[in-house]
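User: I should like to learn how to read strand order, helix packing and cysteine geometry in a structural model. Could you take me through these features one at a time?

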Amino acid sequence: MPELRIHIKGSFARVQPLESRPLTLGRSPENDLSFPEDSVLSRRHLSIEPDAGRWYVLDLGSKNGTLLNALKLTGRHMLEEGDVLTAGAVTLSYTEFAGALAAQTVIFTPAREETTGSRTSVRINLKQAIGAGEPRVQALLDAGRELAGHRPLEELFPRILDLALGAVGAERGVLITTGDGGLQVRAARGEGFRISGSVRDRVLEGRESLLVVDVAKDEALMASHTIVSAGVRSLMAVPLQTEDKVIGLLYVDSSNFLKSFTQDDLTLATVLANIAAIRIEHARLIELAQAEKVFQHDLRQAAEIQTGLLPKSSPVIPGYDIAAKSVPCRSVGGDYFDYVTLQGGKLGVLLGDVSGKGLPAALLLAGLQARVHVLAEQASQADDLMSKLNRRIAEAWPGNRFMTMCIISLDPVSGEFTYCNGGHNPPYLLRANGEVETLTTGGPVMGILKNAPYSADSGVLHPGDVLLLFTDGASEAEDPAGNDLGEPGVLELLKAAYGRSATEVVSYIYDAVGAFLAGGAAGDDVTLLAIRRV
């Protein structure tokens with residue numbers, strides 16, 4: 001079965017088998033492969049679909065495109081062994097041979113047809129196995145006592161493996177768990193393990209315990225040079241199974257030609273693995289609960305700090321009415337707005353959005369604010385400030401992070417303003433006569449190209465005009481049917497709110513976005529800022 005090996009920001013994440021149905025990838029949770037944190041991805045970015053026994057990839061009109069082997073993907077392309085797809089921070093490696101590299105010490109080989117009689121597959125009833133007078137029950141009791149303590153998980157894994165090796169007389173073994181990060185080797189005694197993909201699937205998905213009494217009589221295993229060179233005579237693979245799920249597998253083998261594993265050994269290993277699985281799951285839940293408690297405490301403190309960094313009130317300027325509202329979709333967010341004083345006494349208004357959400361985005365914003373206030377003292381125009389900020393961000397931020405922003409430089413006396421839009425949602429200027437201007441002039445997103453050029457445009461705020469800045473949390477709000485509100489939808493809300501104060505305009509649009517969601521959770525932070533000349 002073909003597979004996709006998924007890497008995120010260069011680190012191995014998991015393996016996705018390709019079966020008989022198409023897969024989609026993007027930011028939206030409705031995708032089969034969903035990466036909501038990657039703001040470079042479009043909501044529906046690409047699809048991978050079967051056709052006549054082959055697999056094809058198609059970019060779904062994504063904003064930032066898809067790379068195939070480092071070249072921009074155009075049209076529908078048939079995938080070949082070793083092809084690499086890149087979309088945002090996600091890399092997909094296509095292989096036609098089932099079985100992913102779980103760690104440096106374990107390789108899952110392609111499944112082969114099993115035609116020999118040396119392999120035993122069973123589903124063991126644990127209650128019957130223990131209650132039938134199993135002669136090695138003492139080994140299980142010893143294991144139960146050993147695992148009854150409060151060892152941390154990292155100590156628990158190797159102890160479980162050692163107990164299993166000792167109980168069945170095995171010489172080598174490996175303990176592997178499943179999870180969001182794919183298959184992970186937690187403990188190993190020995191090296192060069194090579195496990196059949198069919199064995200892996202039958203243990204993890206079929207919940208079967210497998211015994212190969214004599215490797216020499218198994219054609220599929222004898223074809224593995226690693227198995228032969230290791231001198232393996234007999235092997236077993238059993239699931240780490242709680243009552244409702246399989247959380248991994250335990251594999252052991254032996255090169256002793258005088259003694260092969262027996263059915264009794266398989267029963268013992270299976271029961272021991274189930275005892276171990278329950279203990280592992282219990283320890284994992286305890287650690288998760290403790291980690292969540294610490295994380296929530298830190299998150300509350302981070303939210304308080306971030307709230308303190310954003311303006312507590314809007315500037316009071318005769319002849320102008322200014323208001324803003326910023327609500328993160330999590331405890332902390334990646335949206336940013338601020339007011340600064342530029343050279344010549346002009347008012348600087350900034351509204352931006354850091355790629356990603358949550359704590360990483362909030363940490364980047366904390367450093368950004370300090371830079372904004374320092375650089376504002378050296379700038380008089382919006383494009384000048386944008387260029388200076390872009391250079392600092394490109395130098396200091398990680399390579400996979402960027403920011404969109406719009407900067408307004410307003411002369412409160414004359415109402416004249418300049419603006420620069422760095423890849424952000426274009427603000428709307430609603431005139432008193434009903435005409436609409438869209439502020440698009442500027443340059444690319446900040447943080448990618450250190451010396452990127454930025455340009456500015458100008459205008460005048462007349463009495464009755466309203467200028468609205470917003471982040472894509474508003475325009476990309478989705479209703480239950482999956483339809484976006486869209487930038488035109490935000491504009492219609494602005495028109496409907498015309499004639500109200502800036503505070504009322506912001507509140508009206510924010511409430512309308514919430515109504516559009518119809519009870520669903522916001523997928524991104526929502527920030528709105530209105531400037532009204534009265």
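Analyst: The dialogue below treats sheets, helix packing, a buried strand and cysteines in turn. Please keep in mind that this is a predicted model.

User: Let us begin with sheets. In what order do the strands of the antiparallel open sheet lie, and which strands are at its edges?

Analyst: One reads a sheet by following its pairings from one strand to the next. Here the order is E21-E31-E30-E26-E27, an open sheet of five strands with antiparallel pairing. Its edges are strand E21 (320-327) and strand E27 (436-438), each of which pairs on one side only. From one strand to the next, the twist averages 15°.

User: How many bridges join E21 and strand E31?

Analyst: Eight bridges link E21 with strand E31 (residues 526-533), in the antiparallel sense. To fix the register, one may take alanine 323, which stands opposite alanine 530 in E31.

User: Which helices pack on this sheet?

Analyst: Helix H11 (residues 486-496) lies across strand E26 (428-430), E27 and strand E30 (466-470), and runs at about 30° to E26. Helix H12 (residues 502-517) also packs on the sheet, where it touches E21, E30 and E31. The direction of H12 makes about 30° with that of E21.

User: How are H11 and H12 placed relative to each other: parallel, antiparallel, perpendicular or oblique?

Analyst: The angle between the directions decides the description; over 145 degrees would count as roughly antiparallel. H11 and H12 pack at about 135°, with axes 9 Å apart, and are therefore oblique to each other. The crossing of H11 past H12 is right-handed. H11 contributes Leu493, Leu494 and Ala496 to the contact, and H12 contributes Val505, Tyr508, Ile509, Ala512 and Val513.

User: Which residues of H11 are buried, and against what do they pack?

Analyst: The buried residues of H11 are Gly486, Gly489, Val490, Leu491, Leu493 and Leu494. Their packing partners are E26, E27, E30, helix H10 (472-475) and H12.

User: Why is strand E25 described as largely enclosed?

Analyst: One compares the number of buried residues with the length of the strand. In strand E25 (residues 416-422), six of the seven residues are buried, so the strand is largely enclosed by the rest of the structure.

User: Which strands pair with E25, and in what sense?

Analyst: Strand E24 (residues 403-410) pairs with E25 in the antiparallel sense over six bridges, and methionine 405 stands opposite glycine 422 in E25. The hairpin of E24 and E25 has five residues between the strands, and there glycine 415 takes a positive phi near 85°. Strand E29 (residues 457-460) is also antiparallel to E25, with four bridges; phenylalanine 417 has glycine 459 in E29 as its bridge partner. Strand E28 (residues 442-443), by contrast, runs parallel to E25 and is joined to E25 by two bridges. There, asparagine 421 is partnered by glycine 442 of E28.

User: How many disulfides does the structure contain, and why is cysteine 406 not bonded to cysteine 420?

Analyst: The test is the distance between sulfur atoms, which must be within 2.5 Å for a disulfide. A search of the whole structure finds zero disulfides. The closest cysteine sulfur to that of cysteine 406 is in cysteine 420, at 7.5 Å, which is too far for a bond.

User: Are these two cysteines buried or exposed?

Analyst: Cysteine 406 is buried, at 0% relative accessible area. Cysteine 420 is likewise buried, with a relative accessible area of 0%.

Notes: Residues numbered from 1 in each chain as written. Predicted model: local features only at pLDDT ≥ 70, side-chain atom pairs only at ≥ 80, totals over all residues. Heavy atoms only, no water. Pairing = 2+ DSSP bridges. Axes fitted to C-alpha atoms, helices over the stretch in contact; angles between N-to-C directions. Contact = heavy atoms within 4.5 Å. Buried < 20%, exposed > 50% of the residue type's maximum accessible area, 1.4 Å probe, protein only. Parallel < 35°, antiparallel > 145°, perpendicular 65-115°, else oblique. Left-handed = near helix turned anticlockwise from the far one by under 90°.
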